[in-house]
Amino acid sequence: MRRPFIAGNWKMNTTRATAAALAEGVAKGADALDGVDLAVCPPSCYLETVGRAIAGSKVALGAQNMYHQPDGAFTGELGAAMLRDLGCKYVILGHSERRHIFGETDELINKKAHAALAAGLTPIVCLGELLAEREAGKTMTIIKKQVDGSLAGLSPDQIAGIVIAYEPVWAIGTGKVATPQQAEEVHSALRKIVEDRYNGSIANSLRIQYGGSVKPENAAELLDRPDIDGALVGGASLKAEHFLGIAEKAVKLGVEKL
Ligand code: PGA
């Protein structure tokens, strides 16, 4: 069974004070929500602050990025064990901003995925096509290449334990959400790629989030689709009531999917 999973990616958008207040608001509202997994991913300098604010609540902590080496001369980077020390359960890897602004490749993301899993973190591995790639009819070629590259060499157990976030780049932060049909098409194709590479039961247990302009108003129609298991939320995760509103939609649909 796949339990819905809603995660908030706060990007570089809070101060210490707003991060703490937002985390407290989400933790409080999450009390009333059953049947959904929740996580917030603050800027790394506020992981500890947010970790304290959500301690004992239903909300888990996630980081937005990490480096694959455990330690050493890697100025400005954080390793998986450091994130574990800070109380992280999840780490977002290969977000489109990391891929397109910071030049991260599938090969690097793959190293990070292996290191995260080895340290006991659950990676949320992001992938998605650019607008030009969609318009050229190349969406599935790109997605397949990203899956093959970023998830190379993962064991069946490992792949079953990760989360994939399908985030069409043209829908991130643009207000242009993919239609439920467009998203479902990619999600079901992704599950098929995993089925072909591993097997049907692993493909069925893999959670695939959709990301890109998800809001309380459009969440239900997306989450209602058979292969959409949750959302990775950027802009709308910066207001507790909006983030919780999305999570409520998942709860109302009553969804554990198979
Ligand atoms: P958005 O961002 O919800 O603001 O479009 C999604 C993401 O980048 O994960």
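Student: Where does Thr-49 lie?

Tutor: In this predicted model, Thr-49 lies in helix H2.

Student: Is Thr-49 buried or exposed?

Tutor: Relative accessibility is the value to look at, and under 20% means buried. Thr-49 has 10%, so it counts as buried.

Student: Which residues does Thr-49 touch, leaving out those up to four places away in sequence?

Tutor: Arg-16 and Ala-20 are the ones it touches. Ala-20 also appears among the buried residues of helix H1, so let us go there next.

Student: How do I check the length of helix H1?

Tutor: Count the residues and allow 1.5 Å for each. Helix H1 runs over residues 16-30, which makes 15 residues and an expected span of 21 Å. The end C-alpha atoms are 21 Å apart, so the model agrees with the expectation.

Student: Which residues of H1 are buried?

Tutor: They are Ala-19, Ala-20, Leu-22, Ala-23, Val-26, Ala-27 and Ala-30. These residues cover an arc of only 165° around the axis, and therefore sit on the same side of H1.

Student: Why do residues three or four places apart point the same way?

Tutor: An α-helix has 3.6 residues a turn, so residues with that spacing point the same way.

Student: What does the face of H1 turned away from the buried side carry?

Tutor: That face has the exposed residues Ala-17 and Lys-28. On the buried side, the cover includes strand S2 (37-41), helix H2 (47-54), strand S3 (59-63) and helix H12 (240-252).

Student: What happens at the start of H1?

Tutor: A side-chain oxygen of Thr-15 comes within 3.3 Å of the backbone nitrogen of Ala-17 there.

Student: How does helix H7 read by the length check?

Tutor: Helix H7 covers residues 139-150, twelve in number. From first C-alpha to last it reaches 16 Å, close to the 16 Å expected at 1.5 Å a residue.

Student: Which residues of H7 are buried?

Tutor: Thr-139, Ile-142, Ile-143, Gln-146, Val-147 and Ser-150 are. Their arc around the axis is only 135°, so they are on the same side of H7. The face turned away from that side carries exposed Thr-141 and Lys-145.

Student: What covers the buried residues of H7?

Tutor: The cover includes helix H4 (96-100), helix H5 (106-118), strand S5 (122-127), helix H6 (131-135), strand S6 (163-166) and helix H9 (180-197).

Student: Let us turn to the backbone. What is the phi of Lys-11?

Tutor: Lys-11 has a positive phi of about 50°, although it is not a glycine. You will find Lys-11 in the loop between strand S1 (5-9) and H1.

Student: And what is the phi of Ser-213?

Tutor: Ser-213 is not a glycine, yet its phi is positive, at about 60°. Ser-213 is placed in the loop between strand S7 (207-211) and helix H11 (216-223). With 15% relative accessibility, Ser-213 counts as buried.

Student: Now the cysteines. How many disulfides are there?

Tutor: A pair of cysteine sulfur atoms must be within 2.5 Å to qualify, and the count here is zero disulfides. Cys-41 is in no disulfide, with the nearest cysteine sulfur, that of Cys-88, 7.9 Å away. Cys-126 is in no disulfide either; the nearest cysteine sulfur to Cys-126 is that of Cys-41, 9.3 Å away.

Student: Are Cys-41 and Cys-126 buried or exposed?

Tutor: Cys-41 is at 0% relative accessibility, so it counts as buried. Cys-126 is at 1%, and therefore counts as buried too.

Definitions and conventions:
Residues are numbered from 1 along each chain as its sequence is written. This is a predicted model: local features need pLDDT of at least 70, side-chain atom pairs count only at pLDDT 80 or more; totals for chains, interfaces and linings use all residues. Side-chain values use heavy atoms; hydrogens and water are left out. Buried means under 20% relative accessible area, exposed over 50%, partly exposed in between (1.4 Å probe, protein chains only). Helices (H or I, at least four residues) and strands (E, at least two) are DSSP runs, numbered from the N terminus. The expected span of a helix is 1.5 Å times one less than its number of residues. The arc is that of the directions from the helix axis to the C-beta atoms. Contact means heavy atoms within 4.5 Å. A polar contact is a pair of N or O atoms within 3.5 Å; within protein, one must be able to donate a hydrogen and the other to accept it, and residues adjacent in sequence count only if both atoms are side-chain atoms.
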